[in-house]
There are 2 protein chains.
Amino acid sequence: MDIELSNRSRQILEAIVEDYIATAEPVGSSAVARRHALTLSSATVRNVMANLEELGLLTSPHTSAGRIPTEKAYRFYVDSLVALRQVSRDEKRQIVSHCRQAGVGLSGILKETSRTLSQLSNYMGIVVAPSFTADVFRHIEFIRIGQRKILAILVSSKGAVQNRLIETEDDYALEDLVRMGNYLNARMQGLTITQVRELILEDMKSEKAQYDELLSRALKISEQAVRPEGDEIFVEGQARILDQPEFSDAGRMKEIYQAFEQKGLLVQLLSRCMKADGVQIYIGSETSLSQSAGISLITSRFVTSSNTVGMLGVIGPTRMGYSSVIPIVDYTARMVSRLLSEN
Amino acid sequence: MDIELSNRSRQILEAIVEDYIATAEPVGSSAVARRHALTLSSATVRNVMANLEELGLLTSPHTSAGRIPTEKAYRFYVDSLVALRQVSRDEKRQIVSHCRQAGVGLSGILKETSRTLSQLSNYMGIVVAPSFTADVFRHIEFIRIGQRKILAILVSSKGAVQNRLIETEDDYALEDLVRMGNYLNARMQGLTITQVRELILEDMKSEKAQYDELLSRALKISEQAVRPEGDEIFVEGQARILDQPEFSDAGRMKEIYQAFEQKGLLVQLLSRCMKADGVQIYIGSETSLSQSAGISLITSRFVTSSNTVGMLGVIGPTRMGYSSVIPIVDYTARMVSRLLSEN
DNA sequence: AAATAGCACTCGCTACAGATGAGTGCTAAC
DNA sequence: GTTAGCACTCATCTGTAGCGAGTGCTATTT
């Protein structure tokens, strides 16, 4: 995937990509020659462009039109050409103040963050709340807080805490709850929370659970306690992609919206991003989102005080303002991490 | 708003509305004459149509095109013409089974309901979770469940219960929590939960709270306990409105999506619907949603076991299949009410 | 008087043709 | 290696003409 290019070719490619990002229209040789005070004639640029086309970095929609960057070109641009803009003072202010104004709740902050991302980037903001199903189980405790109401407190090895209210069919004695807790705590050491749940589900089918009434009910409750919540995911600014001229046609737009409706797909995509640190960029088909849609994704992780990790980012057209969005995503992830750690 | 029409005019209007709903294209006099085995010639129909146009029930996009129903016509159609379809056995099955499969959580059920509405209607499904801020306060209780973690249990006069976990800055003794509870329970009797919150906010500014450290902190926690959650609202099937030919143009679509982005607007609109019983229908500008967008709304209330009331419905183009969607919304509201009451 | 047949007229839609111009690709000259 | 020149391509725009669905009016029938 490494591409060797002369300095001049790189400059020209950069010019084309940036021009195209700005205008969404095929860019011609003379435009490049003019704009980029390159002291080169359009003819020369044309030669270089023909070269770039052979390398698979440019295509032309038809013979007598300018050239358009391919995904490969964006990749190359992002990897080695793009000059990242600084996050402006004003943008920083917005990011911080929006986060703070949202109040205490995690959901509130994340939703507001999503909206801020959307506003600053002019694309779609997306935030996935941290979930700790991959963390290692440390401790569980059941507290009776009313008739047929139990609070389960689940602690991961990283210190993350998750509370969940469970309504039960029968009433439980304090004693039973303690026993349930002890049983689980002893049995589930060292497993991830996902594994814990699997084990519980297995146990429920086991012979033992069939004739031990109490155990059976205990497992049922425990299962609820560790059941993964539908990943909370905040998407804001969906309307903004309609601003992009390449999506002004109804067919493509529909494709995109349908892709987003299945948030499951998004989550899957985004869980990939969780693994690596720093800003991650997925261009076009790399997103494995609705193949032909020309969507790109810029994401970064953030962490909470309890070491659970979430994801935030921006979804936009492949033709996206990488130079400004990348720093924004980066900065926002840092700020959200900091804000959530203070807490 | 009462319109007197001869029987024949009504039949013709009905035919036009239904034809237009089916085809999304201006319907001409001959089409009406043919389709609706009316033993009338197109010329006669034309006379009637001219009449209906004078009454403001029809318009023509241009001289030599068919006629299109106005909002007024839809209103009239819905009020006195439409023949409601029965909800089919299959649809009933879908509604019930979808609700059940969603599991226990209220959110889960409502989200699934929204999706079902969208699927059955082929428009956009929308569900607003019940909130009980308008209910009368009955009882509050604080339970310490860990270091700096308090569970607030709020009960309304209708018996609805809301639990909320609150993380505090300082640790509280059991005793203090009981005292806080007693104070609030005594002081807030008979107020709605919204009013309770207002009163608390007022108290926080009062002189007394300034020098009574404990009171001040107590108020702070109480305020969190009664703070209204952002109304949970589930919108599914947004992509479906892209299927409607009248929204295939990018400009209008953008308008709609932007309107929906401010969910606040939706909530406001929907809270109106909460007040009345039965199926409510808002046509076009009656929705006070993005004026020119030609959106209609069919909603109905549902109630939970604790007597809180939520709202569900369908959003679609003014040119919507009222005859089938109205019964679906009605039936779904009934089923959801029943399901949530069993619980 | 109500219903209908007939007919001129309107106007959006489609197809086709020519003009335009941005932009390429190639070649020959610098 | 760079550039000027030029023929060629092809989307886009403009104008025109024909088509046809559908109206509105009038004269005629029932």
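## Domains of chain A

In this predicted model, chain A is assigned three stretches of structure: domain 1 covers 7-81, domain 3 covers 137-226, and domain 2 is built from two segments, 89-131 + 230-342. If you would like a distance to go with that, the centres of domain 2 of chain A and domain 3 of chain A, taken over C-alpha atoms, are 35 Å apart.

## The surface near DNA strand C

Let's turn to the DNA. Around DNA strand C there are 20 residues, and the closest come from both chains: A:G28 and A:S29 from one, and B:T44, B:T63 and B:S64 from the other. Three elements each give two or more residues to this surface, namely α2 (29-35) of chain A, α3 (42-54) of chain A and α3 (42-54) of chain B.

Which element gives the most to the surface near DNA strand C? That is α3(A), with 4 residues. Sorted by class, the surface near DNA strand C holds 11 polar, 7 nonpolar and 2 charged residues.

## A helix pair in chain B

Over in chain B, helix α7 (residues 174-187) and helix α10 (residues 213-226) have axes that come within 10 Å and cross at roughly 70 degrees. Angles of 65 to 115 degrees count as roughly perpendicular, and α7(B) and α10(B) therefore fall in that class.

Which residues of α7(B) and α10(B) meet? From α7(B) they are B:D176, B:M180, B:Y183 and B:L184, and from α10(B) they are B:L214, B:A218 and B:S222. By class, the residues of this contact of α7(B) with α10(B) comprise 5 nonpolar, 1 polar and 1 charged.

Conventions. Residues numbered from 1 in each chain as written. Chains lettered and ligands numbered in written order. Predicted model: local features only at pLDDT ≥ 70, side-chain atom pairs only at ≥ 80, totals over all residues. Axes fitted to C-alpha atoms, helices over the stretch in contact; angles between N-to-C directions. Parallel < 35°, antiparallel > 145°, perpendicular 65-115°, else oblique. Contact = placed C-beta atoms within 7 Å. Nonpolar A, V, L, I, M, F, W, Y, C, P; charged D, E, K, R; others polar. Near = placed C-beta within 6 Å. Domains from an automatic or database assignment.
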